[in-house]
Structures are given as C-alpha cells and as structure tokens.
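Thanks for coming. I will talk through the empty spaces in this model, so please have a look at it first.

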Amino acid sequence: ELAGKKVVVVGMAQTGVALAKFCARRGARVIVTDAKPADKLGDARAALADVAVTWEVGGHDLASFTSAELVVMSPGVPDLPEMKAARAAGVPVWAEIELAFRYLHPDAALLAITGTNGKSTTTALTGALCAASGRPSFCGGNLGNMPLIDAVDHPANVPGGLIVAEVAAFMLEHCNSFRPRVGILTNVTEDHLDRFGTMETYAHMKGRIWDFQRPGDLAVAN
C-alpha cells in the first residue's frame, strides 16, 4: 500500500518516470532524485510536469533517503551511499521489478528472462509467442519499450495473462520476493565486473532469478 507513504524514486530515465507516475497515482508522496542537473533532465521534467512530485537533482539528499518509507531504484543506478544509509535506517530499498511484482495478479504468469547475451532476443521472441497465443500479454522490462511497472495497469495483469520481462543483474540485486513463474537464464559470461567485482558474484546475481521460485515453477538454464 503506497497511499500516504514517502517514496524516493532514484534515476529519472524512462523507468524512473514510469515509477514516479505509478506511485503518485496510488497516493504516495513522491520524491524523484537524479545525480544529473536539471538542464540534463528536460524530457523527464516534461513527462512529470502534471504529476505531484518533489525534485532533488544534481545530487542526492541523504535525509530524504533515511526518512523515506520506501526507496525504489531505476535499472543501472549504482548502490549509492545514500541507499546504504537508508537500509541502515530500516528503509526498504527495492529494484523497480520488485515493486512491480508485488502488484502483479497472482494468477497472471510472469516469465522473466536474464543472461549476459541473448536476453533481449529471447524476451522479444517469447513475447511474440505469448501474443500469438491469443491470451492477454505484455512484453517489456529491461527491453527498452516499457518497464515492468507498466505491466501493473496493463490488460495482461489478469488471471491467465502472460507477462514477459527482460531483467538485468542490476535489477535482481535488489529484490527480496521477485518470483517468476518461469525463470530463464540464457548464459553467464564476463560482464559488469566493474559493478560486481568477481564472476562468482555476477553469476550469483543472475541466478537470483530463481531464488524465490517454488515447487511447480519452471527454471530454464543453459
């Protein structure tokens, strides 16, 4: 339940804008923050011109993070010192896909796809197959067209709907319940070691796509 809660949305690209709109529609008190200065955020500011949000740009306000009731990250945002301080203060810090998952209908099927290579192609193909089935379907996530949060108010978010999402390691890193009905890992090869340090850590983050699955769910591995 977001109504009345102070929510900080970090990163004002496509996903951050969608998150801010989503939270504001549900009655949250939204703070949007980005390290870029205001003159570099023209598209985001225009997209949120009619949305009740508070802007903090050109850096991040530590007090906003530690006093929030929820911090939600856009994909690719690094684990900032302000996020670590928020967690230390007991504030949940979630990836966008974690918030989206919590609003998906339990009887809609979430198919999530990750991997170093091939995930966009696999996601697009899976999305096309689902659409051809005739069942209500959504295809997005890290694909670049629609973030997963847009699936919540999509016609596919119904019993029997099919929701296909590309997810990245950056997203999976900050999830604590994200559970795809079908979790697909195409492959793991050396990448993003500037963020994760070692291949072992990077592979572990990719494998988190299966961490919250239950008996009866499907895990597909290379």
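How much space lies in the second largest pocket? About 200 Å³. Keep in mind that this is a predicted model.

Let me stay with that pocket for a moment. Its lining includes Phe101, Leu104, His105, Pro106, Ala108, Ala109 and Leu110. Ile163 also belongs to the lining, along with Arg179, Pro180, Arg181 and Arg214. By type, eight of the lining residues of the second largest pocket are nonpolar, one is polar and three are charged.

Now the largest pocket. The volume here is about 250 Å³. A total of 16 residues line the largest pocket. Those that lie nearest its centre are Gly11, Met12, Asp34, Lys36 and Val77. The whole lining of the largest pocket splits into nine nonpolar, five polar and two charged residues.

Next, cavities. How many cavities of 30 Å³ or more does the structure hold? The count is one. This cavity contains about 50 Å³ of space. Around the cavity sit Met73, Ser74, Pro75, Gly76 and Val77, then Ala95 and Glu96, then Phe170, Met171 and His174, and finally Arg195. Six of these lining residues are nonpolar, three are polar and two are charged.

One residue to mark on your copy is Val77. Val77 is part of the cavity lining, and Val77 is also among the residues nearest the centre of the largest pocket.

To recap the volumes: about 250 Å³ for the largest pocket, about 200 Å³ for the second largest pocket, and about 50 Å³ for the cavity. That is all from me.

Note on methods:
Residues numbered from 1 in each chain as written. Predicted model: local features only at pLDDT ≥ 70, side-chain atom pairs only at ≥ 80, totals over all residues. Heavy atoms only, no water. 1 Å grid on protein atoms, 1.4 Å probe; cavity = no way out; pocket = protein on both sides within 12 Å on 5 of 7 lines; lining within 4 Å. Points joined across faces, edges and corners; volume = space filled by probe spheres on them. Nonpolar A, V, L, I, M, F, W, Y, C, P; charged D, E, K, R; others polar.
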